[in-house]
Amino acid sequence: STEVALPSSPVATKGSWYLQAGAFGSEANAQNFAQNLKSEMGESVTIRQEGNLYKVLLGNFLTKDEATVKALQVEQSYGKKFVPMMVP
């Protein structure tokens, strides 16, 4: 994939950054995964429904850079790969 550097703006964006830990077709599966993740990592976990998917999101970061740093820490500490994403 190709990354494009966008100019950073001091203006707040219209959303927050999270790490997507998983996406499930079943709310119960998402709840179970979120509960396990929260107890294992001690981080804030949110479930957000988008269409028929329940996305399990970790954290609430102000910038993509913060989310990316956390994603690297999670990968090094827990061996899990999470994807930074903005949620409006």
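Helices here are DSSP runs of H or I with at least four residues, numbered from the N terminus. By that count, K70 sits in helix 2, and this briefing follows K70 out to its salt bridge, its helix and the other charged pairs. Please keep in mind that this is a predicted model. Across the whole structure, a search turns up five salt bridges, and the one made by K70 is a good place to begin.

**K70 and its partner**

- K70 pairs with E43 in a salt bridge whose closest N and O atoms lie 2.7 Å apart.
- The two residues come from separate elements: K70 belongs to helix 2 (residues 64-78), while E43 is in the loop between helix 1 (27-41) and strand 2 (45-50), so the bridge ties together parts that are 27 residues apart in sequence.
- K70 counts as buried because its relative accessibility of 18% falls under the 20% cut-off.
- E43, by contrast, is partly exposed, at 23% relative accessible area.
- Leaving aside residues up to four places away in sequence, K70 touches L19, E43 and F61.

**Helix 2 around K70**

- Helix 2 is made of 15 residues and spans 20 Å from its first C-alpha to its last, close to the 21 Å expected at 1.5 Å a residue.
- The buried residues of helix 2 are A67, K70, A71 and V74.
- Viewed down the helix axis, these buried residues fall within an arc of 105°, so they line one face of helix 2.
- That buried set packs against strand 1 (16-24), helix 1, strand 3 (53-61) and strand 4 (83-87).
- Over on the other side of helix 2, you will find D65 and Q76 exposed.
- Just after helix 2 comes G79, which adopts a positive phi of about 70°.

**Other salt bridges to look at**

- E75 forms a salt bridge with K81, with 3.8 Å between the closest N and O atoms.
- Within this pair, E75 is partly exposed at 34% relative accessibility, whereas K81 is exposed at 66%.
- Elsewhere, salt bridges that share partners link R48, E50 and K55 into one network.
- Inside that network, K55 bridges to E50, and their closest N and O atoms are 3.1 Å apart.
- K55 is buried, with a relative accessible area of 14%, while its partner E50 is partly exposed at 31%.

How values were computed:
Residues numbered from 1 in each chain as written. Predicted model: local features only at pLDDT ≥ 70, side-chain atom pairs only at ≥ 80, totals over all residues. Heavy atoms only, no water. Salt bridge = Lys/Arg side-chain N within 4 Å of Asp/Glu carboxyl O. Buried < 20%, exposed > 50% of the residue type's maximum accessible area, 1.4 Å probe, protein only. Contact = heavy atoms within 4.5 Å. Expected span 1.5 Å × (residues − 1). Arc of directions from axis to C-beta.
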